[in-house]
Amino acid sequence: MRFFESEIAEMAPERARFHVVPVPYEKTVSYGNGTAKGPGAIIEASSQLERFDDLSDPGAECIYTWPAIDCSGRPEKVIDAIAAAVEKILRLKKIPVVLGGEHTVTWGVIKGYLDAGVKDFGVVQIDAHADLRDAYEGNKYSHASVMRRVVEAGVPLVQLGNRAYCEEERAARRKHKVLAFDANELVPKSVSKIKLPKKFPEKVFFTVDVDGIDPSVLPATGTPVPGGLGWYQTLGLFESVARQRRIIGFDVMEFAPIPGFHAFDFAAALLTYKLMGIVQRCG
């Protein structure tokens, strides 16, 4: 099964700008489960999309879908497999679009950039949670610790839409100089644009945990938190970053399909495609 296979012909990977990598990893979810089924549901629903996304045609850039990552075995093994897949895409000078799976996957993605020798890049994160714990339930590879691994690797981080985090994570923000625009700043005033600091890197990897979006819009996730971002607000924030910096890849994490509610599968697929469209329009 390929992303948007109803409209995008099968092709050699060298021809496609966007490279979709499904990663059905689910080992440390702490509330609801089902993220292992997220990538498959998104890819299946993608064939119901329209090529034109209201503003552009990201399908014209061509989309290649890689086989799903084998997520069996120890976390370190899976993270290395994710990193190797991302590194391969970067060697082709293409844009990784990674579909999770729990948010731990993003550390494997970032490791792929580091292993490929990509320097001077930052991460922008949409998420209900800060994910900055050193470990959760004793596990340093928990989905609740993924951004701690990122900042400890020296990668600058900006967080958008957070509304559930602990004192340890607040301290980690200060220690690692994480810039945060929390939900209580963004949502009440419907803020859909932010300004990155001048010193923030020119290249940006953007990670989207779908629980950053309000559960009234997209409830199909393991840890929904009220008071989140709206649909157009989410797209606006992504585009505001894309217009200031060069997006070198993105992921969509923590989607957990709800059986019988295919509208949410479609929403996650449309979100993925809309983000491709923003990358196409902005650079």
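Visitor: Which residues of helix α7 are buried?
Guide: In this predicted model, helix α7 runs over residues 231-242 and reaches 17 Å from its first C-alpha to its last, close to the 16 Å expected at 1.5 Å a residue. The helix is mostly covered, with eleven of its twelve residues buried. Those residues are Trp231, Gln233, Thr234, Leu235, Gly236, Leu237, Phe238, Glu239, Ser240, Val241 and Ala242.

Visitor: What covers the buried residues of α7?
Guide: The cover includes both strands and helices. Among the strands are β4 (121-126), β5 (157-160), β7 (203-209) and β8 (246-253), while the helices included are α6 (183-186) and α8 (262-282).

Visitor: Is Lys274 buried or exposed, and which residues does Lys274 touch?
Guide: Lys274 lies in helix α8, and because its relative accessibility is 14%, Lys274 counts as buried. Once residues up to four places away in sequence are set aside, the residues that Lys274 touches are Asp53, Asp54 and Leu235.

Visitor: Where does Asp54 lie, and is Asp54 buried or exposed?
Guide: Asp54 is placed in the loop between α1 (38-46) and β2 (63-65), and has a positive phi of about 90° although it is not a glycine. Most residues other than glycine have a negative phi. With a relative accessibility of 59%, Asp54 counts as exposed.

Visitor: What is the phi of Phe4, and is Phe4 buried or exposed?
Guide: Phe4 belongs to the segment before β1 and, although it is not a glycine, has a positive phi of about 55°. Since its relative accessibility is 0%, Phe4 counts as buried.

Visitor: What span should helix α2 have at 1.5 Å a residue?
Guide: Helix α2 has 17 residues, covering positions 75-91. Its end C-alpha atoms are 24 Å apart, which agrees with the expected span, and that span is 24 Å.

Visitor: Why do the buried residues of α2 lie on the same side?
Guide: The residues of α2 that are buried are Val78, Ile79, Ile82, Ala83, Ala85, Val86, Ile89 and Leu90. An α-helix has 3.6 residues a turn, so residues three or four places apart point the same way. The buried residues of α2 are on the same side because the arc they cover around the axis is only 160°.

Visitor: What do the buried residues of α2 pack against, and which exposed residues are on the face turned away?
Guide: The buried residues of α2 pack against β1 (18-23), β3 (95-100) and α3 (105-115). The face of α2 turned away from its buried side carries exposed residues, namely Lys77 and Arg91.

Visitor: Which residue just after α2 takes a positive phi, and which residues does a cis peptide bond join?
Guide: Just after α2, the residue with a positive phi, of about 65°, is Lys93. Most peptide bonds are trans. The cis peptide bond, whose omega is about 20°, leads into Gly101, which has its place in the loop between β3 and α3; the residues joined are Gly100 and Gly101.

Visitor: How many disulfides are there?
Guide: A disulfide requires a pair of cysteine sulfur atoms within 2.5 Å, and by this rule the count is zero. Cys282, for example, is in no disulfide, since its nearest cysteine sulfur, that of Cys62, is 20 Å away. Cys282 counts as partly exposed at 23% relative accessibility, as does Cys166 at 21%; the number of disulfides is zero.

Visitor: Which residues are in contact with His176?
Guide: His176 has its place in the loop between α5 (167-175) and β6 (179-181), and counts as partly exposed at 23% relative accessibility. With neighbours within four places in sequence left aside, the residues in contact with His176 are Arg148, Val151 and Glu152.

Visitor: What is the radius of gyration of the protein chain?
Guide: The protein chain comes to eight helices and eight strands. The globule rule gives 19 Å for 283 residues, and the computed radius is close to this, so the chain is as compact as a globular protein of that length; its radius of gyration is 17 Å.

Visitor: What share of the residues of the protein chain count as buried?
Guide: Among contacts with a separation of 6 or more, residues 24 or more positions apart account for 78%. The protein chain exposes about 11,900 Å², of which carbon and sulfur atoms supply 52%. Of its 283 residues, the share that count as buried is 59%.

Note on methods. Residues are numbered from 1 along each chain as its sequence is written. This is a predicted model: local features need pLDDT of at least 70, side-chain atom pairs count only at pLDDT 80 or more; totals for chains, interfaces and linings use all residues. Side-chain values use heavy atoms; hydrogens and water are left out. Buried means under 20% relative accessible area, exposed over 50%, partly exposed in between (1.4 Å probe, protein chains only). Helices (H or I, at least four residues) and strands (E, at least two) are DSSP runs, numbered from the N terminus. The expected span of a helix is 1.5 Å times one less than its number of residues. The arc is that of the directions from the helix axis to the C-beta atoms. Contact means heavy atoms within 4.5 Å. The radius of gyration is taken over C-alpha atoms; the globule rule is 2.2 Å times the number of residues to the power 0.38. Accessible areas come from the Shrake-Rupley method with a 1.4 Å probe; for residues, only the protein chains shown count as cover.
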